[in-house]
Amino acid sequence: MRYIGDIYRPPSEAYSLIVQLTVGCSHNRCAFCSMYKEKQFYVRPVEEVLADLAWCRRQYRRVERVFLADGDALIAETDTLLRVLEYIREAFPECERVTCYASPKSVGRKSDEELCRLRRGNLQMAYLGLESGSDTVLRRMRKGCSAAQIVEAVLRLRGAQIAASVTAISGLGGRELWQEHAEATAAALSEMKADYIGLLTLMVEPGTPAADWVREGTLTLLTPQEVLAETDLLLSRTDSEGSVFRMNHASNYLTLRGTLNKDREAMLAQLRAGMDGAVRLKHEGFRAL
Ligand code: SF4
């Protein structure tokens, strides 16, 4: 399989066939992210993508899931996406779902009718980074869009029956903006009611602007206890009936899983056990991205 550069995927795509429809990230400017920095973004020629899929068909007997990488594969032209989806349907009739990363920009370039056609083509889910519901935090982190734009993108995907999996990042506001970050993120999550909500915890990567700000003292990282207090506020304020909530990323100090809103109190109890010291938190050295 030809992969161009390092490949990233959501944790839930661990067993999926990963095929690059795009290379790199269409934005590539977030201050906390180091993922695609070595890549210049482009949409791969569709014939190359189909050739990769044909090669995979010859190699693998059973492919139940396909993840279209890299960042923001939804930004490809609708006809290109439909061609790839059609090829997957024909070559991999056993494939149950196709997923990809998306952004407000890529969703905004599609009409509702195009999104519905993609869903009928078996695009089942898109992953979006909310990161924070606070526009102050998003601006500072150079996310390139507002919380309202991300909420709208998720609502449009869900309107087309494409499930949305949304991530936010604990600690992204630093000690300076933690309360605004928690409250605004809870408000955005409550508005979008994503099918899946994932909460990561900020880890500052060397070479990123965020790492410079930490060194200069303009971004103060939260302590583990402060992260849990922020998460307590976020979770207490999130009203997202039916959303699957996961805080089980390698970056998290504590693991939580449940379905909102019914499991919220149980998850808050686990969180508070972590804050009280009754449950041991992950050692800093075992955290990872
Ligand atoms: S966080 Fe996502 S949108 Fe931002 S630069 Fe990284 S991959 Fe691109």
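In this predicted model, Y127 stands opposite S165 in strand 7. The two strands concerned, 6 and 7, run parallel and are joined by 6 bridges. S165 also has a partner on its other strand neighbour: in strand 8, its bridge partner is Y196. Strand 7 and strand 8 (residues 196–201) pair in the parallel sense, again over 6 bridges. Of the 8 residues of strand 7, 7 are buried, so this strand is largely enclosed by the rest of the structure.

**The sheet as a whole**

These strands belong to an open sheet of 8 strands, ordered 1-4-5-6-7-8-9-10, with mixed pairing. Its edges are strand 1 (17–20) and strand 10 (256–259); each has a single partner strand, so one side of each is left without a neighbour in the sheet. On average, neighbouring strands of the sheet are turned by 20° against each other, direction ignored.

Strand 5 (residues 97–101) and strand 6 (residues 123–131) run parallel and are joined by 4 bridges. Within this pair, T99 stands opposite M125 in strand 6. Two helices pack on this part of the sheet. Helix 2 (residues 78–91) touches strand 4 (65–69), strand 5 and strand 6, and its direction makes about 155° with that of strand 4. Helix 6 (residues 147–159) touches strand 6 and strand 7 (163–170), and its direction makes about 165° with that of strand 6.

An antiparallel pair is formed by strand 9 (residues 244–247) and strand 10, joined by 4 bridges. Here R246 has R257 of strand 10 as its bridge partner. In a regular strand, side chains alternate between the two faces of the sheet. Strand 10 shows such an alternation: L256 and G258 point to one face and are buried, while R257 and T259 point to the other and are not.

**Backbone irregularities**

The peptide bond from A69 to D70 is cis, with omega near -10°. D70 lies in the loop between strand 4 and helix 2. That loop between strand 4 and helix 2 also holds D72, whose phi is near 60°, a positive value in a residue other than glycine. D72 counts as buried because its relative accessibility is 5%, against a limit of under 20%.

A cis peptide bond also joins L260 and N261, with omega about -5°. N261 is in the loop between strand 10 and helix 10 (264–276). R142 is a non-glycine residue with positive phi, near 60°. R142 sits in the loop between helix 5 (135–140) and helix 6, and at 42% relative accessibility it counts as partly exposed.

**Selected residues and their surroundings**

E96 is found in the loop between helix 2 and strand 5. Its relative accessible area is 46%, so E96 is partly exposed. Not counting residues up to four places away in sequence, E96 touches E64, N122 and Q124. L74 is 22 residues from E96 along the chain, and their C-alpha atoms are separated by 19 Å.

R175 is placed in helix 7 (residues 174–192) and, at 40% relative accessibility, counts as partly exposed. Leaving aside neighbours within four places in sequence, R175 is in contact with T220, L221, L222, T223 and E226. The C-alpha atoms of R175 and V227 are 9.5 Å apart, although 52 residues separate the two along the chain.

**Cysteines and ligand shell**

The structure holds 0 disulfides. The table gives the nearest cysteine sulfur for C56 and C145, neither of which is in a disulfide.

| Cysteine | Nearest cysteine sulfur | Distance |
|---|---|---|
| C56 | C95 | 12 Å |
| C145 | C30 | 7.7 Å |

A disulfide would require sulfur atoms within 2.5 Å. C56 counts as buried at 0% relative accessibility, and C145 counts as buried at 16%.

C30 also appears among the residues around the ligand, which are C25, N28, R29, C30, F32, C33, M35, Y36 and K143. By class, this shell divides into 6 nonpolar, 1 polar and 2 charged residues.

Definitions and conventions. Residues numbered from 1 in each chain as written. Predicted model: local features only at pLDDT ≥ 70, side-chain atom pairs only at ≥ 80, totals over all residues. Heavy atoms only, no water. Pairing = 2+ DSSP bridges. Axes fitted to C-alpha atoms, helices over the stretch in contact; angles between N-to-C directions. Contact = heavy atoms within 4.5 Å. Buried < 20%, exposed > 50% of the residue type's maximum accessible area, 1.4 Å probe, protein only. Near = heavy atom within 4 Å. Nonpolar A, V, L, I, M, F, W, Y, C, P; charged D, E, K, R; others polar.
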